[in-house]
Protein chains: 2
Amino acid sequence: MIGSHYVNMLQKKSVIRELSEFAAARGKEIGYENVFDFSLGNPSVPVPAAVTETMIRLLQEKDPVELHGYSPSLGIMHVREAVAASLQERFGVAYSAADIFMTAGAAGAIAHAVRAVTVPGDEVITFAPCFSEYFPYINGAGAVLKVVPPDTDSFQIHFEAFEEMISEKTAAVLINTPNNPSGVVYSTETIQKLAEILCRKQEVYGHAIYLISDEPYREIVFAGVDAPFVSAYYDNAIVCYSFSKSLSFPGERIGYVAVNPACVDAAGIVQMCGQISRETGHNCPASLIQLTIAEHLDTTADLSVYETNKNLLYGELTKLGFACVEPGGTFYIFPKALEMDAAAFCEKGRKYDLIMVPGDGFGCPGYFRMAYCMDTEKVARSLKVLRRFVEAEYPRRR
Amino acid sequence: MIGSHYVNMLQKKSVIRELSEFAAARGKEIGYENVFDFSLGNPSVPVPAAVTETMIRLLQEKDPVELHGYSPSLGIMHVREAVAASLQERFGVAYSAADIFMTAGAAGAIAHAVRAVTVPGDEVITFAPCFSEYFPYINGAGAVLKVVPPDTDSFQIHFEAFEEMISEKTAAVLINTPNNPSGVVYSTETIQKLAEILCRKQEVYGHAIYLISDEPYREIVFAGVDAPFVSAYYDNAIVCYSFSKSLSFPGERIGYVAVNPACVDAAGIVQMCGQISRETGHNCPASLIQLTIAEHLDTTADLSVYETNKNLLYGELTKLGFACVEPGGTFYIFPKALEMDAAAFCEKGRKYDLIMVPGDGFGCPGYFRMAYCMDTEKVARSLKVLRRFVEAEYPRRR
């Protein structure tokens, strides 16, 4: 009687997981320092010491019954107030606590937001390249994910294809900027054009089209890059945030949904998230973790290593002749493979202990992702290996 | 386009929440120490100091990138191993790590277990009185919850009604022992009879009927009470556990699913839980919390206060003429109200600052729940107030 639906999900192997298992196994043979594992998006810098100090202080000083007590189902009130105040001060959008719902990272946030604004059968549109887990989040809500093909020149939005895909059934549009896997940040021009189209289509179809903005990389933007706050440009916007990358805190599962207060029934959507939680059995992120991040909303881990690494990799990849859009943020780069079949390309890379992820799973065949959240020293060492790989396997490209 | 389903859920007010809000507001008027708030099942004793010390040590000594890193989707391997070893040693069932899935408390565990063993349209049977949140967990899976009427003489199982309710569509049976709200522990005889019926019905219908055992109160059992480990009596049994009550840790959202290794495709069910998480966006309990409980699996908070409180309350209630099954565990007691309408009874109690929950929401009208997770001093003070309430409002009962 076990659900064939989940059995099917299980049988589709996770490419990234397989690659990282290969990397771990290879690491046992030759030392993990010699495996250039660009497969996993795990932050490589520590959480700020001040965050650790806050956790220890809370554990030492706060009444344990209160500290570890149940959180209200929407999140601890003063935590929601602090999140709203921080967003308001930084981005000039008038959030209040009523617009904030605390979640288990961006994953929990997206799963809730999609359930809150769709009914089964609705369509949600996203843009390639995109995070592969969008499929389960949207399918799990009973909605259908439609993927707009990529604009590979810039990895901004392919607007013509997007306009063609919008229909009466479009309940929401899901974007991810700065983007996993491309590293690209959507420009102000892109966000304005997107908002303009959505406003127009809302009028055409006579219902709200929500813009769900997945922002776990919001704080990892490189020097001089234009990185607009999406919700400042569109009323029916819902932020899905995670502290995983900005605070190097991924295992602690903390993030939030922030509904633009100008959104149709903003507080109602937040209340609905609480009801959705009742069904999925997920009742809030851990209290200790909520209380901790409330004191560190405006700080980040030292994220500078990611830009340093980007510069090294982007420089070498372009020298080696890769077509590659320069990342504006995140810790990913997404070059075009040197042959049509990116999986074959990545497979060849393995011989050189270069672990890279083919773009197929991100809806963008022919490209590959490298996650450079690692020590700069290792990235520097990888450059020679990359060169050796390209010169040996693709000699005519040189 | 917002889901009417969730709007409906939202409109059904939570009686318990309303009561506890009333208690909080009244507390501001007359001092919370003077409000006898028996509404909420919040543990009232602190987490063991050793648990706090473990958390501080992990924060001080462990590499933060590793400590706060992503957990594998089924839980951290050595945590799963430790849970399996502890269950095996304590209860003699041969669990291994492959049978364990780490969850956000029992809520997360039940939501996952039900999705893993049902397909939409299947039926899940439970027994009144039962925890009201079973409805959203089961509805959210697309299954239908059927509630067997209570055996009010003992609050064990009404087996005749149960047998009539089992059908071809029964995919799972959900039990909660020690029970919220009755406080009753199912006896070995009850569990054996239940297992015997399930084995017989599995043969009749030719498919597995899973026994989902919701066990957050497993460690709160009073002296001399027979409290069998359910999974030792039935192969297709799935434990849903939470550390919320045993470690006084409810806000930290930690528990597990433990599938009996003798269960049909035990490891497959655990793998499926991981797939279910991908859809609900719940990727594991917080890493720090997982690592912490792994070191404290065989300890509990000082739970003795609950038995002391039970003795006081049970003694007084029976003296006052209440029909009441003596609780064998938990921190609840579930007497029969002194009039047919338990809501009216509880409403009258409010005048005396006695906050009690009518049994209707637990599928058992005419009864009321008192949660006695509070200082014994306060329970002792409440007895006189109870007496005053009964003597004034129900004089002919005396």
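In chain B of this predicted model, Phe155(B) lies in the loop that runs between strand E4 (144-148) and helix H8 (159-165). Its phi is near 55°. That value is positive, and the residue is not glycine. Most residues other than glycine have a negative phi.

The backbone also contains cis peptide bonds. One joins Asn180(B) and Pro181(B), with omega about 20°. Pro181(B) sits in the loop between E5 and helix H9 (188-205) of chain B. In chain A, a cis peptide bond links Asn180(A) to Pro181(A), and omega is again about 20°. Pro181(A) is placed in the loop between strand E5 (170-176) and helix H9 (188-205) of chain A. Most peptide bonds are trans.

Confidence was considered next. Chain A has a mean pLDDT of 95. Of its residues, 98% reach 70 or more. The scores for the model are ipTM 0.95 and pTM 0.96. Where pLDDT is low, the predicted coordinates should not be read in detail.

The relation between the two chains was then examined. A turn of 180° lays chain B on chain A, with a shift of 0.0 Å along the axis. The RMSD of this superposition is 0.0 Å. The chains are therefore related by a two-fold axis. The same surface serves both copies, as 100% of the contact residues of chain B recur in chain A. Among the residues of chain B, Ile56(B) comes closest to the rotation axis. Its C-alpha is at 2.9 Å.

The interface involves 75 residues of chain B, in contact with 75 residues of chain A. About 5900 Å² is buried between the two chains. Carbon and sulfur atoms give 62% of that area. Polar contacts between chain B and chain A comprise 20 residue pairs, with both residues at pLDDT 80 or more. Several elements of chain B give two or more residues to the side that touches chain A. Among them are helix H1 (4-11), helix H3 (49-61), helix H6 (105-117) and strand E5 (170-176). Helix H10 (266-280) and helix H11 (287-293) also belong to this set. H10(B) gives the most, with eight residues. By class, the side of chain B that touches chain A has 37 nonpolar residues. A further 27 are polar, and eleven are charged.

Salt bridges were assessed both across the interface and over the whole structure. Two are found between chain B and chain A. In one salt bridge, the side chain of Glu133(A) meets that of Arg278(B), at 2.8 Å from N to O. The total over all chains is 33 salt bridges. One salt bridge within chain A pairs Lys319(A) with Glu316(A). The closest N and O atoms of this pair are 4.0 Å apart. Both residues belong to helix H12 (residues 304-319) of chain A. Lys319(A) and Glu316(A) are three residues apart, about one turn of the helix.

Key:
Residues numbered from 1 in each chain as written. Chains lettered and ligands numbered in written order. Heavy atoms only, no water. Contact = heavy atoms within 4.5 Å. Buried area = accessible area lost by both parts, 1.4 Å probe. Polar contact = N/O pair within 3.5 Å; in protein donor to acceptor, adjacent residues only side chain to side chain. Helix = DSSP H or I, 4+ residues; strand = E, 2+ residues; numbered from the N terminus. Nonpolar A, V, L, I, M, F, W, Y, C, P; charged D, E, K, R; others polar. Least-squares fit on C-alpha atoms with pLDDT ≥ 70 in both. pLDDT = per-residue confidence, 0-100.
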